[in-house]
Amino acid sequence: MAGRFRPTTPTTRTTVRGGETPVPGQEATAPLDLGLTLGPLRRGPADPTFRVTADGSVWRASRTPDGPGTIRVAVRDGAAEGRAEAEAWGPGATWLLDNAPALLGAHDDPAAFVPRHKLVLATHRRRPGLRLTRTGLVLESLIPTILEQKVTTTEAYGAWRQLVRKYGEPAPGPAPEGMYVMPDARTWTQIPSWEWHRANVDGKRSATIVRAARVAARLEEAVLMDPPAARRRLELIPGIGPWTSAETIQRSNGAPDEVTTGDLHLPGIVGWALAGDRTADDEAMLDLLAPYEGQRHRAARLILLSGRVPPRRAPRMTPGNITAL
């Protein structure tokens with residue numbers, strides 16, 4: 001199956017072999033940067049569910065409500081107008097094509113953002129192709145986010161890679177070698193304790209994933225809710241707090257205002273960038289982002305993309321290794 005569309009357009013058409021099906025969108029007038037838009041979905045350079053090929057195409061393997069699927073998206077001729085092409089394979093192919101415009105920011109409204117600081121304005125002008133993705137899938141963002149709780153990204157990415165390769169399934173279609181679809185909810189609940197241990201995942205995080213997977217259907221309903229209600233739904237699960245719910249809903253719901261709190265580095269980065277305060281806490285960060293109410297997540301993304309970070313004062317956190325215990 002293949003589709004061609006303008007990712008930010010109100011009436012666009014997705015072409016499926018054998019016919020054409022209208023899908024929602026809105027007319028695009030700005031460029032689309034695939035790397036900036038889809039980059040937050042990539043869990044490390046060796047993520048088995050995500051691949052960027054030499055021609056600039058982005059491949060993703062997802063478990064949709066219709067089953068596993070692989071989608072390839074690429075910006076082709078007319079890139080300055082945000083034109084993109086998509087192809088998909090597997091039982092979830094039609095679902096992936098129907099949701100491709102949202103994946104590339106069709107429901108995002110960059111025009112609603114008004115820069116209030118010189119740094120943010122400069123980055124906003126340098127990154128006109130940034131769109132906030134909306135995957136429409138909760139579990140595929142929630143599980144790797146839980147794996148990232150209070151550990152280094154190296155540990156979390158390694159665990160995600162190992163578990164997906166072992167318990168997932170090869171991505172459908174002509175996907176690049178080594179791509180996998182993540183396990184289904186039932187499989188996550190059946191992973192033995194020693195396999196979590198081998199993947200360097202402690203009991204607290206593995207138990208949280210199992211609890212979430214057992215009520216996966218209820219959590220997936222969060223994509224139909226407004227972001228605050230969606231976060232409350234996720235936080236009913238013991239082990240899921242504000243940091244995890246925000247990081248998940250930003251991706252699954254394309255939430256422009258859901259800023260991440262409880263992060264080790266973000267408050268200091270925002271504080272340093274906007275006020276020269278590297279000691280800023282969550283409260284100070286939210287005060288600094290208050291002028292961007294409604295678009296605070298986008299503002300934080302732009303601050304991170306600016307590259308303005310406080311000088312490091314301490315060595316990097318040493319990755320843990322519970323597999324040796």
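How do the residues lining the second largest cavity divide by class into nonpolar, polar and charged? Exercise 3 gives the answer. The model is predicted, local features need pLDDT of at least 70, side-chain atom pairs count only at pLDDT 80 or more, and totals for chains, interfaces and linings use all residues. Residues are numbered from 1 along each chain as its sequence is written, and side-chain values use heavy atoms, with hydrogens and water left out.

**Exercise 1. Place strand S6 among its neighbours.**

Task: State which strands pair with S6 and how they run.

Solution.
Step 1. Helices (H or I, at least four residues) and strands (E, at least two) are DSSP runs, numbered from the N terminus. Two strands pair if DSSP finds at least two bridges between them.
Step 2. Strand S5 (residues 58-64) runs antiparallel to S6, with seven bridges joining them. A hairpin is formed by S5 and S6, with two residues between them. In this pairing, Thr 64 is opposite Gly 67.
Step 3. With strand S7 (residues 84-89), S6 shares six bridges, again antiparallel. Here Val 73 faces Ala 86 of S7.
Step 4. Buried means under 20% relative accessible area, exposed over 50%, and partly exposed in between (1.4 Å probe, protein chains only). Of the nine residues of S6 (residues 67-75), eight are buried, so the strand is largely enclosed by the rest of the structure.

**Exercise 2. Describe helix H12 and the nonpolar cores.**

Task: Name what covers the buried residues of H12, then list the residues with the most contacts inside the largest nonpolar core.

Solution.
Step 1. H12 (residues 242-252) has 11 residues and 10 of them are buried, so the helix is largely enclosed by the rest of the structure. Among the buried ones are Trp 243, Thr 244, Glu 247, Thr 248 and Arg 251.
Step 2. Contact means heavy atoms within 4.5 Å. The cover over the buried residues of H12 includes helix H5 (139-147), helix H11 (227-234) and helix H15 (296-306). After H12 comes Gly 254, with a positive phi near 60°.
Step 3. A nonpolar core is a set of buried Ala, Val, Leu, Ile, Met, Phe, Trp, Tyr and Cys residues joined through side-chain atoms within 4.5 Å. The largest has 32 residues, and Leu 142, Trp 188, Trp 196 and Leu 234 have the most contacts inside it. At least two residues of this core come from each of H5, helix H6 (153-167), helix H9 (203-214), helix H10 (216-220) and H11.
Step 4. Leaving aside residues up to four places away in sequence, Leu 142 touches Ala 212, Leu 219, Leu 234, Ile 240, Thr 244 and Thr 248. A second, separate core of 19 residues includes Leu 38, Val 73, Trp 95 and Leu 104.

**Exercise 3. Characterise the two cavities.**

Task: Give the volume, lining and residue classes of each cavity.

Solution.
Step 1. Rolling a probe the size of a water molecule over the atoms shows where empty space is left. On a 1 Å grid over the protein atoms alone, a cavity is a set of points where a 1.4 Å probe fits but cannot get out; lining residues have an atom within 4 Å of a point. Points are joined across faces, edges and corners, and a volume is the space filled by probe spheres set on them.
Step 2. The whole structure holds two cavities of 30 Å³ or more. The largest contains about 120 Å³ of space. Its lining includes Arg 43, Asp 47, Arg 60, Glu 140, Trp 160 and Arg 251. H5 gives the largest share of that lining, three residues.
Step 3. Ala, Val, Leu, Ile, Met, Phe, Trp, Tyr, Cys and Pro count as nonpolar, Asp, Glu, Lys and Arg as charged, and the others, Gly among them, as polar. The lining of the largest cavity divides into five nonpolar, two polar and five charged residues.
Step 4. The second largest cavity has a volume of about 50 Å³. Arg 60, Ile 71, Trp 95 and Asn 99 are among the residues lining the second largest cavity. Two or more residues of this lining come from each of S5, helix H2 (93-98) and helix H3 (100-103). Its classes are six nonpolar, three polar and one charged.

**Exercise 4. Compare two residues with positive phi.**

Task: Is each of Lys 150 and Asn 200 buried or exposed?

Solution.
Step 1. Lys 150, in the loop between H5 and H6, has phi near 55°. Its relative accessible area is 77%, so Lys 150 is exposed.
Step 2. Asn 200, in the loop between helix H8 (193-198) and H9, has phi near 70°. Its relative accessible area is 11%, so Asn 200 is buried.

Methods: 1 Å grid on protein atoms, 1.4 Å probe; cavity = no way out; pocket = protein on both sides within 12 Å on 5 of 7 lines; lining within 4 Å.
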